[in-house]
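Let's take a walk through a protein together. Have the sequence and the 3D view ready, and follow along from the inside out.

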Amino acid sequence: SKPRILVARAIFPDIVDRLRAHFDVEDNPDDVIWTPAELAARLADKDGVLTTGSQRVDAALLAAAPRLKICANMAVGYNNFDVDAMTAAGVLGTNTPDVLTETTADFGFALLMATARRMTESEHYLRAGKWTKWSYDMFAGSDIHGSTLGIIGMGRIGQGIAKRGAHGFGMKVVYHNRSRLSADLEAECKATYVGKEDLLRTADHVVLVVPYSAASHHTIGAAELALMKPTATLINIARGGIVDDAALAVALREGRIAAAGLDVFEGEPSVHPDLLTVPNVVLTPHIASATVPTRRAMANLAADNLIAFLGGRAPLTPVNQPVPGLRAQ
Ligand code: GLV
Ligand code: GLV
């Protein structure tokens, strides 16, 4: 008989149909948000699961799913996985790198431009009927072209943003990362490696693209915000928890930095109430990879990982290397 899989959230119906050719599929077309216990109950007899980044996979879930062999995340980030617990239990994790790189870099740049040029704040003003006359400083923001772009997290997406800034907008690009890029990649991105404090002190715009981990928790908190220029903008397209959102709301309210653009939030889909009331912040609901072609490519890559691995072949984009054969057949 076919392996059994769960598709934990609603995805493109034709891609679920593709999976049905290979597997007995239980899906979630109504997109119900299951509790961890409901998810665990559905995984009791499953060999694989397609997750979206909002289902936590930890030791307790793995213990309740003795046949589970693969969790295919439809996201590049996989901080919803307890990778050590998965590896110890013999469960493979996969993610969706590469297919979303350029789309996400486009969005990072869009959020940067919307933030620096105060696009949503000014639109709210217009819609509210407050635009009755021109004035010399109305929604005057900061420049993108020719300014200094600081990127924290120089993976593929960070490099995509660097190239847009350097080649398209004549920005001076500095970056900070756990490791330096090769000289070739630095030249391609026209990016200069600097220390984190140096970056925060000198950048006109700071963009965060670092993966979430315990080590990157609150990469930007009150102390880091205090180092930034009062005219600077901060963009977070990485993960909630990379920024201390409460500290950021205070810095924005007090004008200690000029503005922020946020696509991800601590505790999302809840948003810190103080961020909802400060005017100098652009807020979007975790949509940086959301174009139709890219979301399809992400779903298809997650499906390809399930089809390959449960069909006895190598997964395309693994995030760990579990010892095989530890799981019930
Ligand atoms: C989205 O946040 C992703 O990790 O793909
Ligand atoms: C994210 O930073 C990536 O490397 O794609």
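Find isoleucine 151 to begin with. If you skip its neighbours within four places in sequence, isoleucine 151 is in contact with Gly158, Ile161, Ala162, Val173, Tyr175, Val207 and Val209. Keep in mind as you look that this is a predicted model.

Now zoom out a little. Ile151 belongs to the largest nonpolar core, a set of 52 residues, and together with Val206 and Leu208 it is among those with the most contacts inside that core. Which helix gives the most to this core? That's helix α5, residues 101–116, which puts in seven residues. Apart from this core lies another one, made of 39 residues, including Val7, Val25, Tyr78 and Leu100.

Next, try the chain as a whole. The domain assignment splits it into domain 1, which comes in two pieces (4–97 + 292–310), and domain 2, which runs over 101–283. Their C-alpha centres lie 32 Å apart. Where they touch, domain 1 brings four residues and domain 2 brings six residues. On the domain 1 side of that contact you'll find one nonpolar residue, three polar ones and no charged ones.

There's a ligand to look for, too. Ligand 1 is surrounded by Gly53, Ala75, Val76, Gly77, Leu100 and Ser289. Sort that shell by class and you get three nonpolar residues, three polar and no charged.

Finally, a word from the records: an unreviewed UniProt entry annotates residues 5–320 as "domain: D-isomer specific 2-hydroxyacid dehydrogenase catalytic". Over that stretch, residues 5–320, the chain is 38% helix and 14% strand, and the end C-alpha atoms sit 20 Å apart.

Methods: Residues numbered from 1 in each chain as written. Chains lettered and ligands numbered in written order. Predicted model: local features only at pLDDT ≥ 70, side-chain atom pairs only at ≥ 80, totals over all residues. Near = placed C-beta within 6 Å. Nonpolar A, V, L, I, M, F, W, Y, C, P; charged D, E, K, R; others polar. Core = buried A, V, L, I, M, F, W, Y, C linked by C-beta atoms within 7 Å. Buried ≥ 20, exposed ≤ 12 C-beta atoms within 10 Å, placed from the backbone. Helix = DSSP H or I, 4+ residues; strand = E, 2+ residues; numbered from the N terminus. Contact = placed C-beta atoms within 7 Å. UniProt positions renumbered as here; feature names shortened; annotations may be inferred. Domains from an automatic or database assignment.
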